[in-house]
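Hi everyone, thanks for making the time. I'd like to walk you through a structure you haven't seen before, so let me put it on the screen.

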Amino acid sequence: MRIESYSDFLSRAKTEYEHAADDAHFRPTDHCFFCGEPLGDDLVMWQGCDDRAQQVWLHRDCAKELGGRLICDALIHKYRIC
Ligand SMILES: [Zn+2]
């Protein structure tokens, strides 16, 4: 797996954000992917890269929580902590 540089990541994220800014690409859900509560205006969307371009919609705080848990899971797997 290729690890991209931080500047490459930022460049790609900016491009993806600009692409997502086109309303035709938004397919918001009614509820947060992480907590299941209704979504408001303070949200984050992440889109997969498969052919279906699946999207995950979350509250911003839930995105931070999920991100931390994903990193934790990855480190547990990497170092075989459990
Ligand atoms: Zn949430």
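Before I count anything, a word on terms: when I say helix or strand, I mean a DSSP run, with at least four residues for a helix and at least two for a strand, numbered from the N terminus. On that basis, the protein chain has two helices and two strands. Start at the N terminus and you read them off as α-β-β-α. And please keep in mind that this is a predicted model.

So, how confident is the predictor? The mean pLDDT of the protein chain is 83, and 80% of its residues get to 70 or more. Where is confidence lowest, and where is it highest? The low end is helix α1, residues 6–20, with a mean of 69, while the high end is strand β2, residues 55–59, at 94. As a general caution, where pLDDT is low, the predicted coordinates should not be read in detail.

Now the overall picture. The chain has 82 residues, and just 5% of them count as buried. If you take contacts between residues at least 6 apart in sequence, 34% of those join residues at least 24 apart.

Let's go to the strands. Trp46 sits in strand β1, and Val56 sits in strand β2. These two are ten residues apart along the chain, and their C-alpha atoms are 5.2 Å from each other. Setting aside residues up to four places away in sequence, Trp46 touches Gln55 and Val56. Val56, with its neighbours within four places left out, is in contact with Phe33, Met45 and Trp46.

Are they buried or exposed? Something in between: Val56 has 15 C-beta neighbours inside 10 Å, so it counts as partly exposed. Trp46 is also partly exposed, because it has 15 C-beta neighbours inside 10 Å. For buried, you'd need 20 or more. One more distance for Val56: Arg27 is 29 residues away in sequence, but 9.3 Å away in space, C-alpha to C-alpha.

Between β1 (43–47) and β2 there's a loop, and Ala53 is in it. What is phi for Ala53? It's near 50 degrees, a positive value in a residue that isn't glycine. Why mention that? Because most residues other than glycine have a negative phi. Ala53 is exposed, because it has 10 other C-beta atoms within 10 Å.

Over to the loop between α1 and β1, where you'll find His31. Not counting residues up to four places away in sequence, His31 touches Gly36, Glu37, Pro38 and Leu39. Its C-alpha atom is 7.7 Å from that of Trp57, and those two residues are 26 apart along the chain. His31 has 14 other C-beta atoms within 10 Å, so it's partly exposed.

Last stop, helix α2, residues 60–79. A quick check on its length: at 1.5 Å a residue, its 20 residues should span 28 Å, and the end C-alpha atoms are 29 Å apart, so that agrees. How many of the 20 residues of α2 are buried? Zero, so the helix lies largely in the open. After α2 comes Arg80, and phi is positive there, near 50 degrees.

That's the tour. Happy to rotate the view if anyone wants another look.

Terms used:
Residues numbered from 1 in each chain as written. Predicted model: local features only at pLDDT ≥ 70, side-chain atom pairs only at ≥ 80, totals over all residues. Buried ≥ 20, exposed ≤ 12 C-beta atoms within 10 Å, placed from the backbone. Contact = placed C-beta atoms within 7 Å. pLDDT = per-residue confidence, 0-100. Expected span 1.5 Å × (residues − 1).
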